[in-house]
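Subject: Structure for you to look at

Hello,

Here is the structure I promised to pass on. Please open it beside this email and follow along.

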Amino acid sequence: MTEYRSDLLRLLDERGYIHQITDAQGLDSLAAGGIVPGYIGFDPTAPSLHVGSLVQIMLLRRMQQSGHKPIVLMGGGTGKIGDPSFKDEARKLLTTDLIAQNVASIKRIFERFLTFGDGPTDAVMVDNADWLDKLEYIPFLRDVGQHFSINRMLSFDSVKLRLDREQSLSFLEFNYMILQAYDFMELARRRSCRLQMGGSDQWGNIVNGIELSRRMLGQEVYGVTTPLITTADGGKMGKTMSGAVWLNEDALPAYDYWQFWRNTHDKDVGRFLRLFTDLPLDEIARLEALEGQEINQAKIVLANEATTMCRGAEAAAAAAETARKTFEEGQAGGDLPTLSVPDGSIAIVDALVGLGLVASKGEARRLIKGGGARVDGEKVSDEAAMVTIGEAGVKLSAGKKAHGVLTR
């Protein structure tokens, strides 16, 4: 690890958040000498963010924990275009009303992780529509466009990959990186923002913003990117068999959120505890050193801590109790996904899909064929089997960790 003077970079480094820094020495000196306002942008393309955005939210939390000022930038303006970075095709364009609804919905999650207010290190939320919607095209081209080289923009991986695959990249999307650079410059001007953070795929956009701020404001600003968070089996963080792991309660039940963390791969436990909880590093070192069945205790701690932070202590405790009853006592806990079957009978394939335990009927049949489907603990081998539901309900299991309840 690099020796940093500032609490900010020391904290980010020891917990594994740093992939690249544009000028580590300069940022370290700045952060050691006073409060640094720093931002991360979030495009409101859905009513909720998912755990793929969580490392960025935690970055803002770490900023605040180390005495600096987090700025949450909502992309009410850029959301009308959509970030083309490493996408195979253009995003579906959203209406202004839908973007506003998504912004309002997403705002709630940040209040779980950050303290908002008017103090020097209190978080603030701003919307880039406040300045982007008012831009005039010709003045923007003249004042800002002159600072961008098309040759350089074409060399960035986010653009180059799309062109190499001969996939269409619209002029609308090509403008995105200019607008994001402009955001950094505007925040430097309006909010004295000196730092932009983001995932490793945002490196080119961040560098553009740094250069634009230097040229238009004569201001030195900095960038930090995080590594791509993948799981030990090579999967993308937050992509599961049944879909995205949403942060908002109304998009994903607390039990399913808890269970996502409980199902963490053994090799990922220590890393995820450092990234996604506030546990002290010595306690994390103790937990990740557990072996055999004992590593499951570390996974439960991870699930409890992560769920408490995102959904609250009560929701985490209820999810943990449901899991305990399900796994230890063989009962069907009250927070498991439930499917009502009024006529009292359903094909097992339909039941597995209806409960969200598998993503498709084909996957359900493969699960049954592989011996992974159980009804009240009994293995089912017939793909055409019907499940009959009594008054007490039926517990359906897909593998050892995914469960649901059928009721009448």
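**A loop residue to start with**

Thr277 sits in the loop between helix H13 (269-276) and helix H14 (281-288). One caution before going on: this is a predicted model.

Is Thr277 buried or exposed? Its relative accessibility is 0%, so Thr277 counts as buried. Leave aside the neighbours within four places in sequence, and Thr277 still has a list of contacts. They are Arg15, Met58, Arg62, Phe272, Ile284, Leu302, Glu305 and Met309.

**The protein as a whole**

The protein has 408 residues, and 50% of them count as buried. It holds 18 helices and 15 strands. Now take the contacts with a separation of 6 or more. Residues 24 or more positions apart account for 72% of these.

**The six-stranded sheet**

Find the open sheet of six strands. Its order is S1-S6-S5-S2-S3-S4, and the pairing is mixed. Strand S1 (20-21) and S4 stand at the edges. Each has a single partner strand, so one side of each is left without a neighbour in the sheet.

Walk across the sheet from S1. S1 and S6 run antiparallel and are joined by two bridges. Ile21 has Val224 in S6 as its bridge partner.

Next come strand S5 (residues 195-199) and strand S6 (residues 222-226), which run parallel with five bridges between them. Here Leu195 stands opposite Tyr222. Met197 has Val224 as its bridge partner.

Further along, strand S2 (residues 37-42) runs parallel to S3, and six bridges join the two. Pro37 is opposite Lys69 in S3.

S3 also pairs with strand S4 (residues 124-127). That pairing is parallel too, over four bridges. Val72 faces Met125 of S4 across it.

**Two covered strands**

Why is strand S3 (residues 69-74) described as largely enclosed by the rest of the structure? Six of its six residues are buried, so the description follows. A general point helps here. In a regular strand the side chains alternate between the two faces of the sheet. In S3, both faces are covered. Lys69, Ile71 and Leu73 are buried on one side. Pro70, Val72 and Met74 are buried on the other.

S6 is mostly covered as well, with five of its five residues buried. Tyr222, Val224 and Thr226 point one way from S6. Gly223 and Thr225 point the other way.

**Helices around the sheet**

Which elements make up the right-handed β-α-β unit with S2? They are S2, helix H3 (residues 54-65) and S3. Another right-handed β-α-β unit is formed by S5, helix H11 (residues 203-217) and S6.

Look at helix H2 (residues 24-33) too. Its residues Gly26, Leu27, Asp28 and Ala31 are buried. The buried residues of H2 pack against helix H1 (7-14), S1, S5 and S6.

**Nonpolar cores**

In soluble globular proteins, nonpolar side chains tend to be buried together. How does that look here? The largest nonpolar core has 65 residues. Within this core, Phe110 and Trp261 touch the most other members. Trp261 has contacts beyond its neighbours within four places in sequence. Among them are Val51, Leu54, Met237, Phe272 and Phe276. Lys299, Leu302, Ala303, Ala306 and Thr307 are also in contact with Trp261.

Apart from that core lies another, of 30 residues. Its members include Tyr39, Val126, Phe174 and Cys193.

**Cysteines**

How many disulfides does a search of the whole structure find? It finds zero. Two cysteines are still worth a look. Cys193 has 0% relative accessibility, so it counts as buried. Cys310 has a relative accessible area of 1% and is buried.

**Where to look again**

Go back to S3 with the sheet order in mind. S3 pairs with S2 through six bridges, and with S4 through four. Then return to Thr277 and trace its contacts, including Arg15, Met58 and Met309.

Best wishes

Terms used:
Residues are numbered from 1 along each chain as its sequence is written. This is a predicted model: local features need pLDDT of at least 70, side-chain atom pairs count only at pLDDT 80 or more; totals for chains, interfaces and linings use all residues. Side-chain values use heavy atoms; hydrogens and water are left out. Buried means under 20% relative accessible area, exposed over 50%, partly exposed in between (1.4 Å probe, protein chains only). Two strands pair if DSSP finds at least two bridges between them. A crossover is right-handed if, with the strands pointing away from the viewer, the path from the first strand over the helix to the second runs clockwise. A disulfide is a pair of cysteine sulfur atoms within 2.5 Å. A nonpolar core is a set of buried Ala, Val, Leu, Ile, Met, Phe, Trp, Tyr and Cys residues joined through side-chain atoms within 4.5 Å. Contact means heavy atoms within 4.5 Å.
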